[in-house]
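The exercises below are meant to be worked through with the sequence and the 3D structure side by side. Each one sets a task and then gives a solution in steps.

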Amino acid sequence: MTAHYVRDGAVAVVTLDNPPVNGMGHSTRVAIADGLAKAAADPAIRAIVLMGANGLFSGGADIREFNTPKALEKPTLRDLIAMCEASPKPVVAAIEGNCMGGGLELALGCHYRVASPKAWVALPEVRLGLLPGAGGTQRLPRAIGVERALEMIVTGDPVLADKLSGSLIGQVITGDWLEGVVGYARNVARDDSRPRVRDRPATAPDDPGYFAAARAKAAKGSQNLPAPQRCIDAVEAATTKAFDEGLAYERELFLALMNSPESRGLRHAFFSERAAARIPDVPSDTPVRTIRRIAVVGAGTMGGGIAMSFVNAGFPVTILETQQAALDRGMVVIRANYESAVKRGKLTPERLEQRMALLTPTLSYDAIADADLVVEAVFEEMGVKEAVFRKLDEVMKPGALLATNTSTLDVDQIAAATQRPRDVIGMHYFSPANVMRLLEVVRGRETAKDVLATVMQLAKKTGKTAVVSGVCDGFIGNRMLKQYKAQASALVEEGASPQQVDRAMEAFGMAMGPFRVGDLAGNDIGWAIRKRLYAEDPATRKQPIGDRLCEMGRFGQKTGAGWYRYEPGKREALPDPAVDAVIDAVRSEMGIKPRAIEDREIVERCVYALVNEAAHILEEGVARRASDIDTVYLTGYGFPRHRGGPLFYADRVGLANVIASMKQFAATTGADASFWKPAARLARLAGEDKTFNP
Ligand code: NAD
């Protein structure tokens, strides 16, 4: 049963009970409809309460039913809402915990709504490129006013129900929940009116430019995506059309959005992230190790950010350094980061002190010996890492997890420095580690399953999106990034400017173009890696422009110049004639006659470079699923979410079309023909007319 029916005197209480979030799947909808019918048929019942078990009303649609025929089976959510509205006995929605999406739409169809003091309501459909499709856009403006409703529907942000007391919410129940709710229902049953939200007016704001301004604002904030615009269209319709016409219009807009590429991309992104948490050979009931105390080795850029991400989730963290000065510097940076959050109003001064109190700086390994997890973030040198892990092996208590944040080194070799390689794992954070959501969890050859399960769970607790990667140079994300950057550089050699490449990729939707990213992160890191590769293999393709800029000390923002120049203290990337001169010089040395390059070619070459490398990564089993790779790019590399990730994007283009373009690039870019050889996985899927994401 996914909803229960209980009688409390003259009040029927129908409780949604479909863990974890009382999603309104088909069986729940049937159970609610049954409850409503039973209450209607019982002459002793005077009022009906709809509420939720598990501490919340409902999270909305049951996502397990998404894209299945069950989602469309009767009774639909719209049928249930119509039943509530038409009920001759008053229906009260009792909102506790979360009341989201379809849950709120159902509540809006009830005659009355009460809430617990800590209940949250939201219509978050826009985040999946949709709009509330069961009357939410028509009823919410009537319930709470057009401006507030528009804000909620266009942003999808949750609002404390208490703040909507007097409009959406008839009463906030402070005493005993069930008693209060049933008492309220008994009271309203004395009244013959059956107030319906649909009968209230939705009055447009006086400002005649209101909706135009809202559209412009939404376009700017969303890369001009269709869903926020259609949300506004629907809310505006609530002010101009009769209720049923507005409802029909909302439905029409909803169905159109359902089929939009943007919504497909956003839904893919959503489901991919969830899927990433599941590891086929590590079932969800795998026992995990208890993590109470955490240690971080190295208080530099990454160590500091990693420590903050644990502290923010309430874990006590001990940070270890070898030098007092480095330790002090690390602690100062952490405090400064929190202070800036206080200045921006994101953190209270009390919270700042609480967080700092969770941090213990130390120079001694003894102080970390009983940590349950230690994350190493020292210099990126194998010798240094091996020495640290030998020491950790010596001092750490048995069963402690030993993690490395290396970005390029072999996790298996690091594990081999210990007598307990089963406890060793990679936790590859992204900078700034306290902000970036992505965590690549690197599963070594010997990493134990419970170690992996523990880290996946911990990632979730600290607000990270974890994706499992096998061991290889660069893991999933940076290995692909290398090919992307190589294309960006080649495009500049051939005739594009860094500005054009950045503009084209940003117009595609990347948070930042590749050269602006380079300047932000520091071009010296890539340069150091390239120099090593040139030395190891003289056949490595050079990136002469980037190399020359680094030789000139142009490392990016931190040196005031890189692919762009920067005014002191500012972050705006300004074109620099000195860079143009370097580009011209390199082109003439290479005998290249620059050609005009279209933005479309820029986007295709950069994205297909990602796609082809991703296909290798899949084929080698470094990533388990195409959707894991998409998640890496969406959460760690600024790939536009509405495009669903590089592989989802390629699927939509059609893999045969991707290969056709690659062949053309091989022909036109001559020297780099080998770059465009389709990876086996890509060629096979294209040949079978299949896609990366099934
Ligand atoms: P960093 O130079 O800012 O910090 C390294 C810190 O480690 C320094 O404070 C140093 O004093 C300390 N240290 C060195 N040897 C030590 C030892 N034996 N014991 C204790 N402390 C020691 O470097 P970072 O950018 O924070 O990088 C650290 C690690 O994280 C590297 O492995 C790097 O590849 C990886 N990483 C970096 C980034 C990034 O964007 N910077 C991203 C992901 C991963």
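**Exercise 1. Describe how strand E10 pairs with strand E11, and where the side chains of E10 point.**

Solution. In this predicted model, strand E10 (residues 294-297) and strand E11 (residues 317-320) run in the parallel sense and are paired over four bridges. Within this pairing, the residue that stands opposite Ala295 is Thr318 in E11. Turning to the side chains, Ile294 and Val296 point one way from E10, while Ala295 and Val297 point the other way, and all are buried. In a regular strand, side chains alternate between the two faces of the sheet.

**Exercise 2. Work out the strand order of the open sheet that contains E7, and then place Val121.**

Solution. The open sheet has three strands in the order E5-E7-E8, and its pairing is mixed. Strand E5 (98-100) and strand E8 (159-160) are its edge strands, each pairing on one side only. Strand E7 (residues 120-122) pairs with E8 in the antiparallel sense, over two bridges, and here Val121 stands opposite Val159. Leaving aside neighbours within four places in sequence, the contacts of Val121 include Ile95, Cys99, Leu104, Met152, Leu164 and Leu168. Val121 also belongs to the largest nonpolar core, which has 67 residues, and is among those that touch the most other members, together with Ile32, Leu50, Ile95, Leu106, Leu140 and Leu168. A second, separate core of 65 residues includes Trp563, Val586, Leu647 and Ala686.

**Exercise 3. Decide whether Arg587 is buried or exposed, and find what surrounds this residue.**

Solution. Arg587 is found in helix H22 (residues 577-590). Its relative accessibility is 9%, and because buried means under 20%, Arg587 counts as buried. A polar atom of the Arg587 side chain lies 3.1 Å from the backbone oxygen of Ala496. Not counting residues up to four places away in sequence, Arg587 touches Val492, Glu493, Gly495, Ala496, Ile592 and Pro594.

**Exercise 4. Identify which elements contribute to the lining of the second largest pocket.**

Solution. The second largest pocket has a volume of about 1700 Å³, and of the 50 residues that line this pocket, Gly60, Ala61, Asp62, Ile63 and Phe66 are the closest to its centre. At least two lining residues are supplied by each of helix H2 (77-86), E5, helix H3 (102-108), helix H9 (243-258) and helix H10 (261-276). The largest share, five residues, comes from H10.

Note on methods:
Residues are numbered from 1 along each chain as its sequence is written. This is a predicted model: local features need pLDDT of at least 70, side-chain atom pairs count only at pLDDT 80 or more; totals for chains, interfaces and linings use all residues. Side-chain values use heavy atoms; hydrogens and water are left out. Buried means under 20% relative accessible area, exposed over 50%, partly exposed in between (1.4 Å probe, protein chains only). A polar contact is a pair of N or O atoms within 3.5 Å; within protein, one must be able to donate a hydrogen and the other to accept it, and residues adjacent in sequence count only if both atoms are side-chain atoms. Contact means heavy atoms within 4.5 Å. Two strands pair if DSSP finds at least two bridges between them. A nonpolar core is a set of buried Ala, Val, Leu, Ile, Met, Phe, Trp, Tyr and Cys residues joined through side-chain atoms within 4.5 Å. On a 1 Å grid over the protein atoms alone, a cavity is a set of points where a 1.4 Å probe fits but cannot get out, and a pocket is an open set with protein on both sides within 12 Å along at least five of seven lines; lining residues have an atom within 4 Å of a point. Grid points are joined across faces, edges and corners, and a volume is the space filled by probe spheres set on the points.
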